[in-house]
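Trainee: Can we go through this one together? I'd like to ask how each label is earned.

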Amino acid sequence: MTGNSEQLSLIQGLKTIVGAKYLLTDTVKKQAYTKGFRFGSGEAIAVVRPENLVEIWQALKVCVEADVAVIMQAANTGLTGGSTPNGNDYDRDLVIINTMRINSIHLIDNAKQIVGLAGSTLFGLEDVLRPYGREPHSVIGSSCIGASIVGGICNNSGGALVQRGPAYTELSIYAQIDAQGNLSLVNNLGIDLGDTPEEILTNLQQKNFTEKDVGFPSKRASDNEYHERVREIDEDTPSRYNNDGRRLYESSGCAGKLAVFAVRMDTFAIPEKQQVFYVGTNDPAVLEKIRRDMLSTFKSLPVSGEYLHRDCYDASKKYGKDSFLVIDKLGSKYMPKMFAIKRTVDRFADKIKFLPSKFSDRIMQYMSALWPNHLPKRMDEYRDKYQHHWIIEMSNEGVDEAKNYFDNFFASNEGSYFECTKEEGKKAILHRFVAGGAIGRQQLMNSKELGAIMTIDVAFPRNEKDWFETLAPELDELIAVKLYYGHLFCHVMHQNYILKKGVDAKAVKDKILATFDARGAEYPAEHNVGHEYFAKADLKAFYKELDPTNSFNPGIGKTSKCKHWH
């Protein structure tokens, strides 16, 4: 679309659907939606914020008729820029449809399954399920920053929970554009909701269905094979990664190539007994031995196992402190509010020439330094003694199984462990999860001395024993800061680097990725390709099959941004 009159007509049509208040065309107001959480930005002629599922459908029809491309967006918490425009070299105008006002969650089968609508969040789901003694597929990490349920499915996100694997379902409802450019609604939720799109979506929104309308087709609502896959420690492929063809199915892994209205997912019983163990060692081979023993011989799989290198421990302690305190004192629910406040402060500060960029981050960093040490004494003692830290959570019978194992193991191996109190366990896990944002803050606060940031999430094969990175000297000397953390049971590592001033980040990243290729590793492991990674052939074919006209989220995975993929 090129003409201004056509743009005005489209904008007027969208305004009629959602109202002037929820249609953003002002550049400053659009910025929260056009700029990625950590990566990527571009232009959209409008941001639409519908109130219900029918409004999404109506907005999609108007956009298809006007021949504009659409980016479906939920919480915009992705780390590879996959839910925003990227640059301005598209061959059509873009409209962003943000779904966060549509956050209802419906319980079915006595809360054993849920239907999460387009903007529902993981921490919202935790609240809904808690009275039933159940919890969502993912309860750590993404939930801290307000990630959406549908966004997790679309990106095969997560997988930190060892018994559950990445977000996955075969039960969803979505809009699709066919090769002729026709928009249709596909209801594969397994719930009888009516016939026309408007009737189906209204009934879903308002939960106008009974138990009789809910079917139980032989389709998965979670990755119910993962717990077996992660135990196969001698296989030469990774246990989980975004490109895995086993887990690309309609909405699952679609990366916004479909407009997803809702997903149906399994829930899980909250364990009666839980215990966090804190393990320290100076030899990465010790952790690999524990990993292989626990996955292959334990009757009970661990809940999670979060690794942190000492350098990352230090960075997280200093540069993740404000996020830690907000979540610890106010709860994860406050994080989206904090991000909104930060954006407002930064928008205001950007108008004042003498104030530095990312003003809110700088203020929060200075303020957090005034707080006393927030980490437990025993953790800090392990920091001084050990380079490698592993936070292992066990449940039910696995608690005693792990305690007996660790007592025997450390009688003859280097390193040691302690059983965390409830407070220590909570803080250990939280400290690990604020590590993700620490690298950006560290680079910002030292930008005069440091170069570009480079982040990689990589899945190593299940049989890989040398999981801890040792870089070739010629690469190592180009890097100022290396921060390593990850999910060690499934060999998914987050390897974050800050380069020395003037070093070409792309060239260094290509060399590091080449070493991963040689080892049979897969990347990205859990943040999806976004606009940062190339979609491999199978993933690209999946995208083309879902969206033959390339009308939804064009350019994802560094693919073509042009209509019909030309």
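Mentor: Start with the naming: a strand is a DSSP run of E covering at least two residues, and strands are numbered from the N terminus. Keep in mind that this is a predicted model.

Trainee: Then where does A111 sit between the strands?

Mentor: A111 is in the loop between β5, residues 105–108, and β6, residues 113–117.

Trainee: What makes the phi of A111 worth pointing out?

Mentor: Phi of A111 is near 70 degrees, which is a positive value, and the residue is not a glycine.

Trainee: How do you know whether the bond joining Y523 and P524 is cis or trans?

Mentor: Look at omega, which is about -5 degrees: the peptide bond is cis. P524 itself is in the loop between α18 (505–518) and α19 (537–546).

Trainee: Now the helices. Why are α8 and α14 called oblique to each other?

Mentor: Helix α8 (residues 284–297) and helix α14 (residues 398–409) pack at about 140 degrees. Roughly antiparallel needs an angle over 145, and roughly perpendicular covers 65 to 115. The angle fits neither range, so α8 and α14 count as oblique. Their axes are 12 Å apart, and the crossing of α8 past α14 is right-handed.

Trainee: Which residues of α8 and α14 meet?

Mentor: From α8 you have V286, K289, I290, D293, M294 and T297, and from α14 E401, Y405, F406 and F409. Sorted by class, that contact has six nonpolar, one polar and three charged residues.

Trainee: And what makes α9 and α16 roughly perpendicular?

Mentor: The axes of α9 (residues 310–319) and α16 (residues 435–445) cross at roughly 75 degrees and come within 8 Å. Since 65 to 115 counts as roughly perpendicular, α9 therefore gets that label relative to α16. In the contact, C312, A315, S316 and Y319 of α9 meet A435, A438, R441, Q442 and M445 of α16. That contact has six nonpolar, two polar and one charged residues.

Trainee: Last topic: what makes an empty space a cavity rather than a pocket?

Mentor: In a cavity, a 1.4 Å probe fits but cannot get out, while a pocket is open. The count here is one cavity of 30 Å³ or more. About 50 Å³ of space lies in the largest cavity.

Trainee: Which residues line the largest cavity?

Mentor: The lining is N156, P166, D223, Y226, S239, R240, Y241, D244, R246 and R247. By class, that lining divides into three nonpolar, two polar and five charged residues.

Notes. Residues are numbered from 1 along each chain as its sequence is written. This is a predicted model: local features need pLDDT of at least 70, side-chain atom pairs count only at pLDDT 80 or more; totals for chains, interfaces and linings use all residues. Side-chain values use heavy atoms; hydrogens and water are left out. Axes are lines fitted to C-alpha atoms, for helices over the stretch in contact, and angles run from 0 to 180 degrees between N-to-C directions. Helices (H or I, at least four residues) and strands (E, at least two) are DSSP runs, numbered from the N terminus. Angles under 35 degrees count as roughly parallel, over 145 as roughly antiparallel, 65 to 115 as roughly perpendicular and the rest as oblique. A crossing is left-handed if the near helix is turned anticlockwise from the far one by less than a right angle, and right-handed if clockwise. Contact means heavy atoms within 4.5 Å. Ala, Val, Leu, Ile, Met, Phe, Trp, Tyr, Cys and Pro count as nonpolar, Asp, Glu, Lys and Arg as charged, and the others, Gly among them, as polar. On a 1 Å grid over the protein atoms alone, a cavity is a set of points where a 1.4 Å probe fits but cannot get out, and a pocket is an open set with protein on both sides within 12 Å along at least five of seven lines; lining residues have an atom within 4 Å of a point. Grid points are joined across faces, edges and corners, and a volume is the space filled by probe spheres set on the points.
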